Amino acid sequence: MKPSAIREILKAPNDPDLISLAAGNPSPETFPAQEMAEIAAGIFSRNYAAALQYGVTEGYEPLRVRTARRLSGKYALGREFDQLIITSGAQQAIELSAKVLTNEGDVVLCEDPSFIGALGALRSYNVRLAGVPSRDDGSGMDMDALEAALKTTPNVKLIYTIPTYQNPTGSVMPEASRKRLLELAKQYDVMILEDNPYFELRYDGEYIPPVKALDTEGRVIYAGSFSKIIAPGIRLGFALGPEPVTQKMVVGKQVSDVHSNLFFQILCDRYLEQYDIDGHIEKCNALYKLRRDTMVESLQRHLSDKLRWRVPHGGFFLWCERLDNGDGAEFSAAAKAHKVMTVPGAAFLVDDTQKSPGVRLNFSLPNPAQIEEGVRRIAAAVERI
Ligand SMILES: Cc1ncc(COP(=O)(O)O)c(C=O)c1O
């Protein structure tokens, strides 16, 4: 196993002049800290025994029920055969899926580039990752290429996909492709792991239902997260999938961390009960849309002769590619010399020894002034490339 390129970048020196467009962090301005402080005081004065005691591995029952109800009511997610368990972030839902569904040497098909944390989790179980090319039009995994891979690759167990506001590319898989994905998974009898932490962070474009909402036969394990809509430090996410699978995940979780942090599970449940999460998400989206627009305008002003990009309709990232198809790492290194951190596209590749013309820019954490200054500095840094 190797350290994640992004975690290493996050360890960069704490220089106040440094602008990070590298991390995938939500803006702390969106964290409901005041509300949480009030709820926390109540928990410590009235429910401390429940919050500080051991709990069950599946998760705090009221939070499980509330989350499952919200997902089924608002997004038609989850059927009678499904079960929702609370995990320590979507990251753990992914890791547990790999743990229970794959054996050493099995193949997992995924988008290429894809989320480093998931690739790392899958690699840690010695599976073979096989990248499926994405389409050039921003519509995500190419279903013809997926079909070809399923036809020719033995031992495929799982298709890992981030269909909405993909990390790192921002792509969105159209509904027709989602239906075809399910059909192909059925035809070749493989499971789908749908990683969907960004789908509620939509700034424009139409709503497309998650693959899980179309899953009538229990083929999809859905990894969700409170990280981007409440706060990532609470480390809470969930897996929603067919009960025989989630029950094995519970066994796998028992030996990992027994259960997710109970104090924050109770706090999260009370927050969802007492406050308007949908209203909160709307406010987050207004803030992030402004940041995305600022980044797009800055790029247009300073870098349209060097980079191409597609405006993401949601999520946290803008994926750029060099017009000359040169190495994105060269761009990132030049930007770093001007104190702007970015992530070179190669870090997200299934085979990260390959080169990529891509660079991932994050617009959720930096404020608009930092975004403008960051892009201006990148343009100056890469002038001679
Ligand atoms: C696509 C994707 N999946 C999962 C995660 C992990 O999220 P969590 O904080 O819920 O573990 C991230 C975090 O950046 C992500 O980008």
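## Strand S7 and its partners

Let's start in the middle of the chain: S7 and strand S8 (residues 237–242) run antiparallel and are joined by four bridges. Helices and strands here are DSSP runs numbered from the N terminus, with at least four residues for a helix (H or I) and at least two for a strand (E). Two strands count as paired if DSSP finds at least two bridges between them. Across from Gly 224 you'll find Phe 238 in S8. S7 also pairs with strand S6 (residues 191–195), this time in the parallel sense and over four bridges. There, Leu 193 has Ile 221 of S7 as its bridge partner.

Keep in mind that this is a predicted model: local features need pLDDT of at least 70, side-chain atom pairs count only at pLDDT 80 or more, and totals for chains, interfaces and linings use all residues. Residues are numbered from 1 along each chain as its sequence is written, and side-chain values use heavy atoms, with hydrogens and water left out.

## What surrounds S7

Why is S7 described as largely enclosed by the rest of the structure? Because six of the six residues in this strand (residues 220–225) are buried. Buried means under 20% relative accessible area, exposed means over 50%, and partly exposed is in between (1.4 Å probe, protein chains only). Val 220, Tyr 222 and Gly 224 point one way from S7, while Ile 221, Ala 223 and Ser 225 point the other way, and all are buried.

Just past the strand, Ser 227 sits in the loop between S7 and S8. This serine is buried too, with a relative accessible area of 5%. Leaving aside neighbours within four places in sequence, Ser 227 is in contact (heavy atoms within 4.5 Å) with Pro 26, Pro 232, Arg 235 and Leu 236.

## Far apart in sequence, together in space

Now for some long-range pairs. Gln 254 belongs to helix H9 (residues 243–257). Is Gln 254 buried, exposed or partly exposed? With 41% relative accessibility, Gln 254 counts as partly exposed. Its C-alpha atom is 6.2 Å from that of Thr 57, even though the two residues are 197 apart along the chain.

Leu 262 is in helix H10 (residues 262–274) and is buried, at 9% relative accessible area. The C-alpha atoms of Leu 262 and Leu 52 are separated by 7.0 Å, with their positions 210 residues apart along the chain. If you skip neighbours within four places in sequence, the contacts of Leu 262 are Ala 50, Ala 51, Gln 53, Tyr 54, Gly 55 and Tyr 60. For the chain as a whole, take the contacts between residues at least 6 apart in sequence: 77% of them join residues at least 24 apart.

## A four-stranded open sheet

Further along there's an open sheet of four strands, in the order S9-S10-S13-S12, with antiparallel pairing. Strand S9 (307–309) and strand S12 (343–344) are at the edges with a single partner strand each, so one side of each has no neighbour in the sheet. Strand S10 (residues 317–322) and strand S13 (residues 358–362) run antiparallel and are joined by five bridges. Glu 321 stands opposite Gly 358 in S13.

## Backbone oddities

Most residues other than glycine have a negative phi, and most peptide bonds are trans. A few spots here break that pattern.

A cis peptide bond, with omega about 15 degrees, joins Asp 112 and Pro 113. Pro 113 is in the loop between strand S3 (107–111) and helix H6 (116–123). Asn 167 and Pro 168 are also joined by a cis peptide bond, with omega about 15 degrees. Pro 168 is in the loop between strand S5 (156–161) and helix H8 (175–187). That loop between S5 and H8 also holds Tyr 165, which has a positive phi of about 50 degrees although it is not a glycine. Tyr 165 is buried, with a relative accessible area of 4%. Asn 325 has a positive phi as well, near 60 degrees, and is found in the loop between S10 and helix H12 (328–337).

## The whole chain

Stepping back, the chain has 13 helices and 13 strands. Its radius of gyration is 21 Å, close to the 21 Å that the globule rule gives for 385 residues, so the chain is as compact as a globular protein of that length. The radius is taken over C-alpha atoms, and the rule is 2.2 Å times the number of residues to the power 0.38. Buried residues make up 55% of the 385 residues.
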